[in-house]
Amino acid sequence: MKHLYIAGNWKMHKTIEEAVSFAKILRERLSATSHTLMVAPPFTALASVAQVLKGSNIRLGAQNMGQEESGAHTGEISPLMLKEIGVSTVILGHSERRHTYLESNELINKKVLLALKHNFEVILCIGETLAERESGKLEQVIHEQLEKGLAGVSKEAMRSIVIAYEPVWAIGTGKNATPDDAEAVHVFIRNVLAKMYSDEVAKNTIIQYGGSVKPENIQALMSMPNINGALVGGASLKEDQFVPIATVVV
Ligand code: PEP
(Lines give C-alpha, C1' and ligand atoms only; values in the text may rest on other atoms or scores of the structure.)
Protein backbone atom coordinates (compact mmCIF):
# COMPACT_ATOMS: atom_id res chain seq x y z
CA MET A 1 0.00 0.00 0.00
CA LYS A 2 1.31 3.45 -0.93
CA HIS A 3 2.01 5.69 2.05
CA LEU A 4 0.46 9.14 1.66
CA TYR A 5 0.51 12.44 3.51
CA ILE A 6 -3.05 13.77 3.65
CA ALA A 7 -3.58 17.24 5.10
CA GLY A 8 -6.75 19.21 5.70
CA ASN A 9 -6.78 23.00 5.50
CA TRP A 10 -9.92 24.23 7.25
CA LYS A 11 -9.33 27.81 6.10
CA MET A 12 -11.65 30.37 7.76
CA HIS A 13 -14.22 27.79 8.80
CA LYS A 14 -15.43 26.38 12.13
CA THR A 15 -15.88 28.02 15.51
CA ILE A 16 -13.91 26.56 18.43
CA GLU A 17 -16.87 24.36 19.35
CA GLU A 18 -17.30 23.07 15.81
CA ALA A 19 -13.56 22.49 15.39
CA VAL A 20 -13.32 20.53 18.65
CA SER A 21 -16.24 18.30 17.85
CA PHE A 22 -14.93 17.63 14.32
CA ALA A 23 -11.43 16.91 15.63
CA LYS A 24 -12.90 14.36 18.07
CA ILE A 25 -14.65 12.60 15.19
CA LEU A 26 -11.49 12.56 13.08
CA ARG A 27 -9.37 11.29 15.96
CA GLU A 28 -11.71 8.36 16.40
CA ARG A 29 -12.39 7.56 12.76
CA LEU A 30 -8.83 7.95 11.51
CA SER A 31 -7.03 6.17 14.34
CA ALA A 32 -6.36 3.08 12.25
CA THR A 33 -5.00 4.71 9.13
CA SER A 34 -1.30 4.41 8.49
CA HIS A 35 -1.11 7.51 6.30
CA THR A 36 0.51 10.63 7.71
CA LEU A 37 -2.32 13.01 8.60
CA MET A 38 -2.56 16.69 9.49
CA VAL A 39 -5.34 19.20 10.04
CA ALA A 40 -4.97 22.97 10.09
CA PRO A 41 -7.83 24.65 11.98
CA PRO A 42 -8.17 28.44 12.19
CA PHE A 43 -5.86 30.12 14.74
CA THR A 44 -8.63 30.62 17.30
CA ALA A 45 -9.31 26.88 17.50
CA LEU A 46 -5.69 25.67 17.53
CA ALA A 47 -5.27 25.43 21.31
CA SER A 48 -8.54 23.56 21.83
CA VAL A 49 -7.98 21.20 18.90
CA ALA A 50 -4.45 20.56 20.21
CA GLN A 51 -5.97 19.09 23.38
CA VAL A 52 -8.22 16.81 21.36
CA LEU A 53 -5.44 15.58 19.06
CA LYS A 54 -2.77 15.12 21.74
CA GLY A 55 -1.37 11.58 21.50
CA SER A 56 -3.27 10.86 18.28
CA ASN A 57 -1.91 10.09 14.81
CA ILE A 58 -3.07 13.48 13.47
CA ARG A 59 -0.58 16.35 13.31
CA LEU A 60 -1.66 19.86 14.13
CA GLY A 61 -0.99 22.52 11.53
CA ALA A 62 -1.31 26.30 11.27
CA GLN A 63 -2.52 27.89 8.06
CA ASN A 64 0.02 30.69 8.14
CA MET A 65 2.68 32.21 10.40
CA GLY A 66 4.10 35.68 10.98
CA GLN A 67 7.50 36.63 9.66
CA GLU A 68 9.05 37.62 13.01
CA GLU A 69 9.28 36.10 16.47
CA SER A 70 7.74 39.14 18.17
CA GLY A 71 7.25 42.86 17.78
CA ALA A 72 4.90 45.43 16.32
CA HIS A 73 3.05 43.17 13.88
CA THR A 74 -0.63 43.76 14.49
CA GLY A 75 -2.72 40.77 13.57
CA GLU A 76 0.20 38.36 13.13
CA ILE A 77 0.97 35.11 14.97
CA SER A 78 4.54 34.28 15.97
CA PRO A 79 6.21 30.87 15.61
CA LEU A 80 6.77 30.93 19.38
CA MET A 81 3.02 31.19 19.95
CA LEU A 82 2.37 28.27 17.62
CA LYS A 83 5.07 26.17 19.29
CA GLU A 84 3.55 26.82 22.70
CA ILE A 85 0.22 25.43 21.51
CA GLY A 86 1.76 22.25 20.10
CA VAL A 87 1.57 23.04 16.40
CA SER A 88 4.01 20.89 14.42
CA THR A 89 3.37 22.02 10.86
CA VAL A 90 2.87 25.36 9.13
CA ILE A 91 1.33 25.89 5.72
CA LEU A 92 3.16 28.72 3.95
CA GLY A 93 2.62 30.38 0.60
CA HIS A 94 -0.96 29.18 0.16
CA SER A 95 -2.37 30.73 -3.01
CA GLU A 96 -4.92 32.68 -0.98
CA ARG A 97 -2.03 34.25 0.93
CA ARG A 98 -0.17 34.93 -2.32
CA HIS A 99 -3.07 36.32 -4.32
CA THR A 100 -5.54 37.82 -1.84
CA TYR A 101 -2.99 39.04 0.71
CA LEU A 102 -0.22 39.67 -1.82
CA GLU A 103 2.50 37.65 -0.10
CA SER A 104 5.63 37.64 -2.24
CA ASN A 105 8.08 34.79 -2.74
CA GLU A 106 10.55 36.83 -0.66
CA LEU A 107 8.16 37.16 2.29
CA ILE A 108 7.22 33.50 2.07
CA ASN A 109 10.92 32.59 2.07
CA LYS A 110 11.47 34.65 5.21
CA LYS A 111 8.67 32.70 6.90
CA VAL A 112 10.02 29.36 5.63
CA LEU A 113 13.44 30.07 7.15
CA LEU A 114 11.91 31.23 10.43
CA ALA A 115 9.67 28.17 10.62
CA LEU A 116 12.65 25.87 10.02
CA LYS A 117 14.62 27.70 12.73
CA HIS A 118 11.83 26.75 15.13
CA ASN A 119 11.73 23.15 13.93
CA PHE A 120 8.36 23.21 12.26
CA GLU A 121 7.51 21.02 9.34
CA VAL A 122 6.70 23.38 6.45
CA ILE A 123 4.17 22.73 3.72
CA LEU A 124 5.24 25.16 1.01
CA CYS A 125 2.42 25.74 -1.46
CA ILE A 126 3.21 26.59 -5.06
CA GLY A 127 1.10 26.74 -8.18
CA GLU A 128 0.26 28.70 -11.29
CA THR A 129 -2.80 30.76 -12.17
CA LEU A 130 -4.89 29.87 -15.21
CA ALA A 131 -3.50 32.90 -17.09
CA GLU A 132 0.06 31.76 -16.35
CA ARG A 133 -0.70 28.23 -17.51
CA GLU A 134 -2.43 29.41 -20.67
CA SER A 135 0.39 31.77 -21.57
CA GLY A 136 2.97 28.99 -21.29
CA LYS A 137 4.51 30.29 -18.06
CA LEU A 138 3.73 27.26 -15.88
CA GLU A 139 7.30 26.00 -15.57
CA GLN A 140 8.76 29.47 -15.11
CA VAL A 141 6.34 30.24 -12.25
CA ILE A 142 6.88 26.91 -10.49
CA HIS A 143 10.65 27.23 -10.88
CA GLU A 144 10.66 30.73 -9.44
CA GLN A 145 8.39 29.83 -6.52
CA LEU A 146 10.69 26.94 -5.63
CA GLU A 147 13.94 28.80 -6.09
CA LYS A 148 12.85 31.91 -4.21
CA GLY A 149 10.70 30.14 -1.62
CA LEU A 150 13.51 27.76 -0.70
CA ALA A 151 16.41 30.24 -0.89
CA GLY A 152 18.80 29.51 1.97
CA VAL A 153 17.17 26.18 2.87
CA SER A 154 19.89 23.57 3.28
CA LYS A 155 19.83 20.05 1.91
CA GLU A 156 19.41 18.73 5.47
CA ALA A 157 16.54 21.09 6.21
CA MET A 158 14.73 19.83 3.11
CA ARG A 159 13.71 16.85 5.27
CA SER A 160 11.29 19.23 7.01
CA ILE A 161 9.86 20.62 3.78
CA VAL A 162 6.77 19.28 2.05
CA ILE A 163 5.80 20.83 -1.28
CA ALA A 164 2.12 21.20 -2.12
CA TYR A 165 1.45 21.71 -5.81
CA GLU A 166 -1.82 23.58 -5.96
CA PRO A 167 -2.81 25.01 -9.33
CA VAL A 168 -4.66 28.20 -8.40
CA TRP A 169 -7.40 27.54 -10.95
CA ALA A 170 -8.21 24.25 -9.20
CA ILE A 171 -8.53 25.58 -5.65
CA GLY A 172 -12.11 25.74 -4.43
CA THR A 173 -13.41 25.63 -8.00
CA GLY A 174 -14.44 21.97 -8.19
CA LYS A 175 -12.09 21.67 -11.21
CA ASN A 176 -9.18 19.42 -10.28
CA ALA A 177 -6.10 18.98 -12.45
CA THR A 178 -6.24 15.66 -14.27
CA PRO A 179 -4.00 13.03 -12.69
CA ASP A 180 -1.72 13.19 -15.77
CA ASP A 181 -1.43 16.99 -15.67
CA ALA A 182 -0.71 16.96 -11.93
CA GLU A 183 1.83 14.16 -12.35
CA ALA A 184 3.64 16.11 -15.09
CA VAL A 185 4.07 19.12 -12.79
CA HIS A 186 5.19 16.90 -9.88
CA VAL A 187 7.87 15.44 -12.16
CA PHE A 188 8.94 18.97 -13.11
CA ILE A 189 9.12 19.93 -9.40
CA ARG A 190 11.37 16.92 -8.71
CA ASN A 191 13.63 17.93 -11.60
CA VAL A 192 13.97 21.43 -10.17
CA LEU A 193 14.72 20.01 -6.70
CA ALA A 194 17.32 17.67 -8.21
CA LYS A 195 19.08 20.66 -9.78
CA MET A 196 18.80 22.77 -6.63
CA TYR A 197 19.83 19.98 -4.23
CA SER A 198 20.38 16.40 -5.34
CA ASP A 199 18.61 13.41 -6.86
CA GLU A 200 18.14 12.08 -3.35
CA VAL A 201 16.37 15.22 -2.12
CA ALA A 202 14.25 15.23 -5.28
CA LYS A 203 13.26 11.61 -4.70
CA ASN A 204 12.61 11.90 -0.96
CA THR A 205 10.68 15.17 -0.84
CA ILE A 206 6.97 14.65 -0.25
CA ILE A 207 4.96 16.45 -2.93
CA GLN A 208 1.25 16.80 -2.27
CA TYR A 209 -1.36 17.72 -4.84
CA GLY A 210 -4.06 20.21 -3.86
CA GLY A 211 -7.02 21.62 -5.74
CA SER A 212 -10.57 20.29 -5.52
CA VAL A 213 -9.54 16.92 -4.10
CA LYS A 214 -12.67 14.87 -3.35
CA PRO A 215 -13.52 11.27 -2.50
CA GLU A 216 -14.34 10.78 -6.20
CA ASN A 217 -10.89 11.78 -7.50
CA ILE A 218 -8.51 10.92 -4.65
CA GLN A 219 -7.79 7.40 -5.85
CA ALA A 220 -6.85 8.41 -9.40
CA LEU A 221 -4.70 11.34 -8.26
CA MET A 222 -2.86 9.38 -5.56
CA SER A 223 -2.17 6.51 -7.96
CA MET A 224 0.26 8.70 -9.89
CA PRO A 225 3.85 7.75 -9.06
CA ASN A 226 5.08 11.25 -8.18
CA ILE A 227 2.12 12.33 -6.07
CA ASN A 228 2.74 11.58 -2.38
CA GLY A 229 -0.37 12.98 -0.79
CA ALA A 230 -2.97 15.71 -0.83
CA LEU A 231 -3.63 19.11 0.68
CA VAL A 232 -7.40 19.27 0.93
CA GLY A 233 -9.49 22.40 1.45
CA GLY A 234 -13.27 22.24 1.08
CA ALA A 235 -13.50 18.46 1.36
CA SER A 236 -11.54 18.47 4.63
CA LEU A 237 -14.44 20.15 6.43
CA LYS A 238 -16.87 17.24 6.30
CA GLU A 239 -16.60 13.81 7.87
CA ASP A 240 -18.19 11.99 4.93
CA GLN A 241 -15.62 13.51 2.57
CA PHE A 242 -12.41 13.75 4.58
CA VAL A 243 -12.57 10.28 6.11
CA PRO A 244 -12.65 8.46 2.74
CA ILE A 245 -9.91 10.76 1.43
CA ALA A 246 -7.68 10.20 4.47
CA THR A 247 -8.16 6.45 4.40
CA VAL A 248 -7.80 5.92 0.66
CA VAL A 249 -5.99 2.73 -0.29
CA VAL A 250 -3.75 3.02 -3.34
C1 PEP B 1 -6.60 24.36 -0.38
O2 PEP B 1 -7.16 25.17 0.33
O3 PEP B 1 -5.38 24.16 -0.23
C4 PEP B 1 -7.37 23.63 -1.39
C5 PEP B 1 -6.73 22.83 -2.18
O6 PEP B 1 -8.72 23.87 -1.44
P7 PEP B 1 -9.83 22.96 -2.19
O8 PEP B 1 -9.53 21.53 -1.84
O9 PEP B 1 -11.13 23.43 -1.64
O10 PEP B 1 -9.68 23.20 -3.65
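**Exercise 1. The ligand shell**

How do the residues of the shell around the ligand divide into nonpolar, polar and charged?

Solution. The model is predicted, with local features needing pLDDT of at least 70 and side-chain atom pairs pLDDT 80 or more, while totals for chains, interfaces and linings use all residues. Residues are numbered from 1 along each chain as its sequence is written, and side-chain values use heavy atoms, without hydrogens and water.

Step 1. Fix the classes: Ala, Val, Leu, Ile, Met, Phe, Trp, Tyr, Cys and Pro are nonpolar; Asp, Glu, Lys and Arg are charged; the others, Gly among them, are polar.

Step 2. Sort the shell: four residues are nonpolar, eight polar and two charged.

**Exercise 2. Polar contacts of the ligand**

Find the distances from ligand oxygen atoms to polar atoms of E166, G172 and S212.

Solution. Step 1. Apply the cut-off: a polar contact is a pair of N or O atoms within 3.5 Å.

Step 2. Read the distances. A polar side-chain atom of E166 gives 2.7 Å. Polar backbone atoms give 2.6 Å for G172 and 2.8 Å for S212.

**Exercise 3. An aromatic pair**

Classify the ring pair of W10 and F22.

Solution. Step 1. Set the limits: centres within 6.5 Å; planes under 30 degrees apart are stacked, over 60 edge-to-face, the rest tilted.

Step 2. Search the whole structure: two aromatic pairs turn up. For W10 and F22, the centres are 5.4 Å apart and the planes at 45 degrees, so this pair is tilted.

Step 3. Add the charge (NZ of Lys or CZ of Arg within 6 Å of the ring centre and within 35 degrees of the ring normal). The charged end of K14 sits over the ring of W10, 5.9 Å from its centre. K14 also sits over the ring of F22, at 4.4 Å.

Key:
A polar contact is a pair of N or O atoms within 3.5 Å; within protein, one must be able to donate a hydrogen and the other to accept it, and residues adjacent in sequence count only if both atoms are side-chain atoms. Rings of Phe, Tyr and Trp (its six-membered ring) pair if their centres lie within 6.5 Å; planes under 30 degrees apart count as stacked, over 60 as edge-to-face and the rest as tilted.
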